[in-house]
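Work through the exercises below with the sequence and the model open. Each one sets a task and then solves it step by step.

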Amino acid sequence: MCGIVGIVGKSSVNQSLYDALLVLQHRGQDAAGIVTCQGDKLHLRKDNGLARDVFQTKHMIRLLGSMGVGHVRYPTAGAASSAEAQPFYVNSPYGIVLAHNGNLTNAEDLKRDLIVEDLRHLNTESDSEILLNILAHELQIQGKPRVDEQDIFRAVAGVHRRCRGGYAAVSMIPGFGVFAFRDPNGIRPLVYGRRVTAEGAEYMIASESVALDTSGFDLIADVAPGETVLITVDGELHNHQCAAQPVLSPCIFEFVYFARPDSIIDDISVHKARSRMGKKLAAKIKREWSGHDIDVVIPVPDTSRTAALQLAGQLGIAYAEGFIKNRYIGRTFIMPGQTVRKKSVRQKLNAIDLEFRKKNVLLVDDSIVRGTTSQQIIQMARDAGAHRVYFASAAPPVRFPNVYGIDMPAASELIAFNRTEEEVARELGADGLIYQDLEDLIEAVQKKGKSHVDRFDTSVFDGKYVTGDVTPEYLRALEANRNDGAKADQSFYKESAIDLHNSD
């Protein structure tokens, strides 16, 4: 998962890009980058780390220009590498900058075609570089010395014909403008907005609406699936549908976990969706645990708070904050190794004993992925004196890998994979476990059928991949690449390469 932003302004945009990346930091903590454009000249700063560490004053003053693109990243597969920090750049044709959120499911085929047929060079293992080169090739074959709006739309249409998977991208061409596009299923989120200054209108494109809000931009709309939104350097806005058969199919896990609660995605409030998840889960508890002895509902911070508060209210049970979170520890299920992941949970959360002692506690989390974190949290509750510990997930069991840009574990490392709910409860050490039903989750996010979403990508729960091209062979290859052993090997080789470089 990554966060992307692009701005066309009337004055320097470096501060606005940086501010947007800080707001989107939850989408990627591995690397950050900004490219700005001053006339025909590009200025770049990118490196591993959080945005606040990558961009210091000496870097910011060099990021000149009234147009730019930014990116925060965590790796979709493997370990971190500064070589794969974005945005990426290719000089031919025109000079193109691109930042990408998502994952291409046909990346290997595209890579072969780019090298053998399109005669282009790839310098990393990132599918974002593949996407950039596909776009560059589609522009180059038009054979024009200067690019115009129709050239961009034709090129993106070519990208849609060739690329499969989930992708939202923002791109920039020096002296021309910034444009963004979303895959024909709209799997990954992308919005755009405008603010009016004394010098004129400025535009921002970003992964989430919260990036617009905090910088004073008014939300115009989501980028539609298959659509391209283009803002010229002069501030002219152009829209065009570039896909033949777009079907809005956003990833439902954005609403469960990834997106900030103050964001609006595809005209759906993330906060309200999570509130409805809590109500749905409470209704299920009333049906299936009618004789429960729960004394208190305690959320696992932070994402589950909204659902837990609604759940407690619907059940008429006390709600309490029982865990204090260290906000300087990253998300645990995306960390590269199980040893590091286990250690980080204890550093990340600490229990308030008074909220647990001699009570029957219902812990509420947004989802259960590996189960490693949940196991330790349940044990922490017992260590704090809880009499019984029940566990509720605002999402259904995660049984399948995500192939569209979320670095979930290999299927065999998912705790619900090939296990019943009772078996998962035993693995977690819970006295009882209840999951949200998939139908209830969809209805909660859909605003009771009032949204304009055609369908959701729910593949992590039901194994149904909306692009229709995910084969058993692909999933087996993904398994081999994503398991902890493979990640440890990748991390070792990358660290060795860094050590060798530093010793020169």
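**Exercise 1: a run of antiparallel strands**

Strands β5 and β6 pair in the antiparallel sense, over three bridges. The model is a predicted one. Task: follow the pairing from β5 through β6 and β7 to β8, and state which strand joins which.

Solution.

Step 1. Start at β5, residues 88–90. The bridge partner of Tyr89 is Val97 in β6. β5 and β6 form a hairpin with five residues between them. In its turn, Tyr94 has a positive phi of about 70°.

Step 2. Go from β6 to β7, residues 165–173. These two strands run antiparallel and are joined by eight bridges. Two pairs can be used to check the register: Asn103 stands opposite Gly166, and Asn101 stands opposite Ala168.

Step 3. Go from β7 to β8, residues 177–182. Six bridges join them, again in an antiparallel arrangement. Ala169 of β7 stands opposite Phe181 of β8. This pair is also a hairpin, with three residues between the strands, and Gly175 in the turn has a positive phi of about 75°.

Step 4. Put together, β5 pairs with β6, β6 with β7 and β7 with β8.

**Exercise 2: burial of β6 and β7**

Task: decide whether β6 and β7 are enclosed or open to solvent, using the cut-off of under 20% relative accessible area for a buried residue.

Solution.

Step 1. Count the buried residues in β6, residues 96–104: nine of the nine are buried, so the strand is largely enclosed by the rest of the structure.

Step 2. Do likewise for β7. Nine of the nine residues are buried, so β7 too is largely enclosed by the rest of the structure.

Step 3. Split β7 by face. Gly165, Tyr167, Ala169, Ser171 and Ile173 lie on one side, and Gly166, Ala168, Val170 and Met172 on the other. All of these are buried, and both faces of β7 are covered.

**Exercise 3: the parallel sheet around β20**

Task: give the strand order of the open sheet that contains β20, and find its edges.

Solution.

Step 1. Write the order of the five strands: β17-β16-β20-β21-β22, with parallel pairing. The edge strands are β17 (318–319) and β22 (432–435); each has a single partner strand, so one side of each is left without a neighbour in the sheet.

Step 2. Look at the two neighbours of β20. On one side, β16 (residues 296–299) is joined to β20 by four bridges, and Pro299 stands opposite Val364. On the other, six bridges join β20 to β21 (residues 388–393), and Asp365 stands opposite Ser393.

Step 3. Trace the connection from β20 to β21. The chain passes through helix α12 (residues 372–383), and this β-α-β crossover is right-handed.

Step 4. Check burial. Six of the six residues of β20 (residues 360–365) are buried, so the strand is largely enclosed by the rest of the structure. Asn360, Leu362 and Val364 point one way, while Val361, Leu363 and Asp365 point the other way.

**Exercise 4: two packed helices**

Task: describe how α5 and α6 pack.

Solution.

Step 1. Two packed helices are described by the angle between their axes and the distance between the axes. For α5 (residues 127–140) and α6 (residues 149–162), the angle is about 130° and the axes are 8 Å apart.

Step 2. That angle makes α5 oblique to α6. The crossing is right-handed.

**Exercise 5: cysteines and a buried glutamate**

Task: explain why Cys242 and Cys251 form no disulfide, and place Glu84 in the chain.

Solution.

Step 1. A disulfide requires two cysteine sulfur atoms within 2.5 Å. By this rule there are zero disulfides.

Step 2. The closest cysteine sulfur to that of Cys242 is in Cys163, 13 Å away, which is too far for a bond. Cys242 is buried, with a relative accessible area of 9%.

Step 3. For Cys251 the closest cysteine sulfur is in Cys2, also 13 Å away and too far for a bond. Cys251 is buried, at 2% relative accessibility.

Step 4. Glu84 is in the loop between β4 (67–73) and β5 (88–90). Glu84 counts as buried, at 10% relative accessibility. Glu84 and Glu129 are 45 residues apart in sequence, and their C-alpha atoms are 8.6 Å apart in space.

Notes. Residues are numbered from 1 along each chain as its sequence is written. This is a predicted model: local features need pLDDT of at least 70, side-chain atom pairs count only at pLDDT 80 or more; totals for chains, interfaces and linings use all residues. Side-chain values use heavy atoms; hydrogens and water are left out. Buried means under 20% relative accessible area, exposed over 50%, partly exposed in between (1.4 Å probe, protein chains only). Two strands pair if DSSP finds at least two bridges between them. A crossover is right-handed if, with the strands pointing away from the viewer, the path from the first strand over the helix to the second runs clockwise. Axes are lines fitted to C-alpha atoms, for helices over the stretch in contact, and angles run from 0 to 180 degrees between N-to-C directions. Angles under 35 degrees count as roughly parallel, over 145 as roughly antiparallel, 65 to 115 as roughly perpendicular and the rest as oblique. A crossing is left-handed if the near helix is turned anticlockwise from the far one by less than a right angle, and right-handed if clockwise.
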